[in-house]
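Work through the following exercises with the sequence and the coordinates open. Each task is followed by a solution in steps.

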Amino acid sequence: MPMDSKAVASFVNQVWDESIIPALVDYIAIPAKSPLFDPDWEANGHMEAAVQLIAHWCEDRDITGLQMEIVRLPGRTPLIYMEIPGNSEDTVLMYGHLDKQPEMRGWREDLGPWKPVIEGDKLYGRGGADDGYAAFASLTAVEALQKHGGHHQRVVVLIEACEESGSPDLPHYIDHLSGRVGQVSLVICLDSGAGDYDRLWSTTSLRGMVAGDLRVDVLTQGIHSGDGSGIVPSSFRIIRQLLERIEEADTGEILLPEFHVEIPAQRKDQAAVVAEILGDEVRDCYPFVAGVSAMHEELPELVLNRTWRPTVSYTGIGGLPKLGDAGNVLRP
């Protein structure tokens, strides 16, 4: 007998409204910032509070065979490990994270990062969509299958706590748990996005990342710019030269061929479909300052830029004083 899709949808909606939303409200109120943004995360206890909240919700689910454990490696953020037996030993791995980005600015006056607010059909606050929902969604999907006559393979769920810091702890847990996880045939990563709320979206193309810090030193101590400029090379100019070996400044094109791949024809066709469905939202969903335009006029090209083509992003700069403290001194 096929599953009753209406009954499944009704069950899932009920779980979300009655159980998951209240849990997410409590989760949003916890400032569980990723270790990169809260070096004292362990002493502050916010990460542990988030771990315990999600773990307790998970272990209370009515799922046959569910085993849940909080795994801790010395000096690393904790990880929630869950295992559910299935109709075969073929393993599906479901992944998510529970650490959060910092507060940042731009919140509406009546909103805030740690202030959960339900307005209409939306829940506002830091972390609910990235990525606090992952554990809840994973187990609800399995529970819905079990309660409505569906079948599933063996399921392993990993919820880490340092993704927003680049997941430095995750490889250590993967090695530590490799014998228990086993051979995985499908990975479902609940940490992407959706173009709209009218259909199910899956991410087929997600760019990797090569991250690094660039440092240029030209002096051993600060000197007056009126005395040294023209003799001492500008460290900022050297940085520009180095970056322009990688990125064409006028167009943003990446100059290193090693970062480019041939985009499959089917992905180009799919990008065109995505652009047709979303329309101007492909571009207009970003809060451009007046006078700034997107990097291409054609919407399908913007979709491909975002998913298949390499790009350089500069996410921070250190070593420069605040404008009010700058004075006339060249920094080392």
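The model is predicted.

**Exercise 1. Locate M104 and state what is unusual about its backbone.**

Solution. Start with the position: M104 sits in the loop between β3 and β4 (117-119). Next, read the backbone angle. M104 is not a glycine, yet its phi is positive, about 60°. Most residues other than glycine have a negative phi, and most peptide bonds are trans. Finally, check the accessibility: M104 has a relative accessible area of 51%, and the cut-off for exposed is over 50%, so M104 is exposed.

**Exercise 2. Repeat the analysis for S167: is it buried or exposed?**

Solution. S167 belongs to the loop between β6 and α5 (170-181). Its phi, near 55°, is also positive in a residue other than glycine. The relative accessibility of S167 is 15%; buried means under 20%, so S167 counts as buried.

**Exercise 3. Describe the surroundings of T77.**

Solution. T77 is placed in the loop between β1 (67-71) and β2 (79-84). With a relative accessible area of 2%, T77 is buried. Setting aside residues up to four places away in sequence, T77 touches P35, W41, A161, C162, D169 and Y173. With one of these, D169, the side chain of T77 forms a polar contact of 2.7 Å.

**Exercise 4. Why can C162 not be in a disulfide?**

Solution. Find the closest cysteine sulfur to that of C162: it belongs to C189, 14 Å away. A disulfide needs sulfur atoms within 2.5 Å, so the distance for C162 is too far for a bond. C162 is buried, at 1% relative accessibility. Then turn to C285, which is in no disulfide either; its nearest cysteine sulfur, that of C189, is 20 Å away. C285 is partly exposed, with a relative accessible area of 41%. A search of the whole structure gives 0 disulfides.

**Exercise 5. Which elements supply the largest nonpolar core?**

Solution. The largest nonpolar core has 38 residues, and those with the most contacts inside it are I54, W57, I80, M82, L98, L139 and I159. At least two residues of this core come from each of α1 (5-28), α3 (46-59), β2, β3 (91-97), α4 (128-147) and β6 (154-160). The largest share, 8 residues, is supplied by α1. Apart from this core lies another, of 12 residues, including V71, L73, L79 and V181.

**Exercise 6. Which peptide bond is cis, and where is D131 found?**

Solution. The bond from D130 to D131 is cis, with omega near 10°. D131 is found in helix α4.

Definitions and conventions. Residues are numbered from 1 along each chain as its sequence is written. This is a predicted model: local features need pLDDT of at least 70, side-chain atom pairs count only at pLDDT 80 or more; totals for chains, interfaces and linings use all residues. Side-chain values use heavy atoms; hydrogens and water are left out. Helices (H or I, at least four residues) and strands (E, at least two) are DSSP runs, numbered from the N terminus. Buried means under 20% relative accessible area, exposed over 50%, partly exposed in between (1.4 Å probe, protein chains only). A polar contact is a pair of N or O atoms within 3.5 Å; within protein, one must be able to donate a hydrogen and the other to accept it, and residues adjacent in sequence count only if both atoms are side-chain atoms. Contact means heavy atoms within 4.5 Å. A nonpolar core is a set of buried Ala, Val, Leu, Ile, Met, Phe, Trp, Tyr and Cys residues joined through side-chain atoms within 4.5 Å.
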